[in-house]
Amino acid sequence: MENIREMGLIGETYELESRSGSDNIEAGSGDDHNTSETKSSKRKKYHRHTTFQIQELESSFKDNPHPDEKARLELGKRLALEGKQVKFWFQNRRTQMKTQLERHENSILKQENEKLRIENMTMKEAMRNPTCETCGSQAILGEVPIEHHHLMIENARLKDELSRLGILASKFLTRSNNGSNLELAVGRNEFSGFNSMDNPSTMMPSLGLDFFSDRVSNSFPVMPPQMSVDAPFDKSVFLELALAATDELIKLAQVDSPLWVRNLEGNRESLNLEEYAKTFPPCIGVKPAHFVTEATRASENVMINSTELIETLMDVNQWTEMFPWNIGRASIVDVISPGISGSRNGALQLMQAEFQILSPLVPPRQVKFVRFCKQHKEDTWAVVDVSVDTLFQLPVNCRRLPSGCIVQDMPNGCSKVTWVEHTEYDESNIHQLYQPILRSGTAFGAQKWVADLRKQCELFSVMMSSVSDNSGLPPSSKKSMVKLAQRMTRNFCSVICSTVHKWEVVQSSENTRIMVRKSMGNSGEPSGIILSATTTVWMPVSPRHLLEFLQNVNNRAHWDGLSRDGPMQPMLCIPKSQDFGNTISLLRSTTMPAGNGMLILQETCSDESGSMIVHAGVEAAYMNAVVGGGDPSGVAILPSGFAIAPDCFPDSGEANEGRLGGGGGSESLLTVVFQMLVSNTPAAQLTIESVETVKSLIARTLQGIKNGLQ
């Protein structure tokens, strides 16, 4: 540390130094002023260091920020500087470094202070209804420890502030005509519109089965969290909304009749909207007049413990992997609170997502919402979503009322999941063929979510099982096959809903859409011009019968051009669950020489809400490497296939008027998807012949299916 005399000298000369430490004064010392009156009257000159001098000084500073007099003289001699110039430069540089460190520490302390404030508010909410950690029942408070006493005093001090924030939050949630403060919030959060989802490179979810315990690295990064909600008021608004939504979700999961009406088929329940309006105040404001409501509840035991499931739901990568059929793309806009003491309890995230149904006749639902995780009891968790679009006065086609799941651990390592889906949406932009299935809750309802969750958990169990099955493959080979099949299926879904890649619409009619895009350097798909054609038609057969027809290899010649030269032969089959039709299979033509040519990879998914058959041609050499347990990420595939859904129309002649046929409520909606590489040169131009070819292919496929069903 410099002595007192040197510190005084800094004070006398620091104002003559430049702020960057690169400007110094070339002037005499105090002794020089006393020797001659002429010298003291000379004007002081400024000297700017050269780039070389600054680089050398910085290098010496990194090695030793406190050089002694000898080191300063040697450095000054080498750089043609006086010893005091070197000394002043080092003093100024140390002062600058200290200032930068103090600013950085202050920034960190502010963030920690904000995090503690949010945790304090969450703990206050938990103290309102204390539970016993042993039995989970209502706790009986006895003597309060001194630490808890101090915490209660601190919470009491914040009570008035919380009350004021709660009142302001309720005003924001019920009054949509007050826009001044909301505009400020939008400016602070940089959260206006769905613009951040327009860049596919930041939005594409990973395809690595990340929800499993042996997670692999993500193939496609999602948008990183941006800590941009920096105003305490804004965060309090989100937290108050999340706490109110959690209370509503827990009550909706616990209360039965008359709030819920059980469906005669399956374990789905529908919400009694009149009873709901009497029981709960509007959480996000009054429903728009032109919106309709769908609200369902379902329960299921799934083969996953609560810890893994909660982590899956709170991680956007794992969430999109778990539900690839429901979620087109999703991202975390802001992590408002990461949770308490390193756990997910109290975690609050601002998110956005696109929910999809596999048909070009239904546009994806774009929703912005907060997701909140709370430990309700020792073995019970709640994860709730609620829309925040009302806060920002943004036009929406869908609002997500308190929805989510209650997860309870079971003794056998499984979990009991009670799922609630409550949505209000604009029906005017949905084709009439799909309006009944959406209103019934079959497409986006709670039963769909729990069925998909159960299928994915069963798939993981089958894939990791060492018990021999019909495939005869070891776990490593099964895993490679599953990863390739799931990437194929996600690509298929994104083609139908146009949620990942940037497509250009070539032709669009009432129920058919033809699109084109360029593929350049995308791993896992061929490079060039890709053309897709998607159409949805009504079929006068039940979904189960239509699935059995399309899955039967003996019927494949009716719709598959590759099968017309010879029937397809199954090579192997991996069962994914106990349900009918859930398999991953590998097919080859009987006319193809063994080990050469093209193989067909096919995945079939089926549940109460519908079915899907996805297939793609894969060269035999690449497929053999995958079956051997190799990495499937580089295998180029271009999937096509079918999506089947029940039409859900009432069984009445009046309700069936205007449809593409007749029949009752047991018919099907069939979506056909084709993809083809029309040119392996990305710079090539699309020709009308290619468009006509894919249209003809769609027409021949539909006609072949109809002929085969007769």
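## Strands, helices and a few odd spots

Strands 18 (residues 598-607) and 19 (residues 610-619) pair up antiparallel, with ten bridges between them. This is a predicted model, so here's a quick tour of what it shows, starting from that pair and moving on to helix packing, single buried threonines, cysteines and some backbone quirks.

**The strand 17-18-19 region**

- The link between strand 18 and strand 19 is short on residues: the two form a hairpin with two residues between them.
- If you want one pair to click on, take C605, whose bridge partner in strand 19 is M612.
- Strand 18 also pairs with strand 17, again antiparallel, through five bridges.
- On that side, L587 sits opposite I600 of strand 18.
- Strand 18 is largely enclosed by the rest of the structure, because nine of its ten residues are buried.
- As a reminder for reading the side chains here, those of a regular strand alternate between the two faces of the sheet.

**T583, in strand 17**

- T583 belongs to strand 17, which covers residues 583-589.
- With a relative accessibility of 16%, T583 counts as buried, since the cut-off is under 20%.
- Skipping residues up to four places away in sequence, T583 touches Q551, C573, I574, P575, K576, Q602, E603 and T604.
- T583 and L459 are 124 residues apart in sequence, yet their C-alpha atoms are 9.6 Å apart in space.

**Helix 17 against helix 18**

- L459 turns up again here, as one of the helix 17 residues that make the contact with helix 18.
- Helix 17 (residues 446-464) packs on helix 18 (residues 475-497) at an angle of about 145°, and the axes are 8 Å apart.
- From helix 17 the contact uses Q456, L459, V462, M463 and M464, while helix 18 brings P475, K478, K479, V482 and Q486.
- Sorted by class, that contact comes out as six nonpolar, two polar and two charged residues.

**Helix 13 and its start**

- Which residues of helix 13 (residues 306-314) are buried? They are S306, L309, I310, T312, L313 and M314.
- At the start of helix 13, N305 has a side-chain oxygen that comes to within 3.2 Å of the backbone nitrogen of T307.

**T701, in helix 21**

- T701 sits in helix 21, which spans residues 688-709.
- Is T701 buried or exposed? T701 is buried, at a relative accessible area of 1%.
- Leaving out neighbours within four places in sequence, the contacts of T701 are W559, F642, V672 and F674.

**Cysteines**

- Search the whole structure for disulfides and you get zero.
- Why is C414 not bonded to C457? The closest cysteine sulfur to that of C414 is the one in C457, but at 8.8 Å it's too far for a bond.
- C414 is buried, with a relative accessible area of 17%.
- C283 counts as buried too, at 11% relative accessibility.

**Backbone quirks**

- The peptide bond from S257 to P258 is cis, with omega near 5°.
- P258 is in the loop that runs between helix 11 (232-254) and strand 3 (260-262).
- A80 has a positive phi, near 60°, and isn't a glycine.
- Look for A80 in the loop between helix 5 (69-79) and helix 6 (83-128).
- A80 counts as exposed, with 69% relative accessibility.

Technical notes. Residues are numbered from 1 along each chain as its sequence is written. This is a predicted model: local features need pLDDT of at least 70, side-chain atom pairs count only at pLDDT 80 or more; totals for chains, interfaces and linings use all residues. Side-chain values use heavy atoms; hydrogens and water are left out. Axes are lines fitted to C-alpha atoms, for helices over the stretch in contact, and angles run from 0 to 180 degrees between N-to-C directions. Helices (H or I, at least four residues) and strands (E, at least two) are DSSP runs, numbered from the N terminus. Contact means heavy atoms within 4.5 Å. Ala, Val, Leu, Ile, Met, Phe, Trp, Tyr, Cys and Pro count as nonpolar, Asp, Glu, Lys and Arg as charged, and the others, Gly among them, as polar. Buried means under 20% relative accessible area, exposed over 50%, partly exposed in between (1.4 Å probe, protein chains only). A polar contact is a pair of N or O atoms within 3.5 Å; within protein, one must be able to donate a hydrogen and the other to accept it, and residues adjacent in sequence count only if both atoms are side-chain atoms. A disulfide is a pair of cysteine sulfur atoms within 2.5 Å. Two strands pair if DSSP finds at least two bridges between them.
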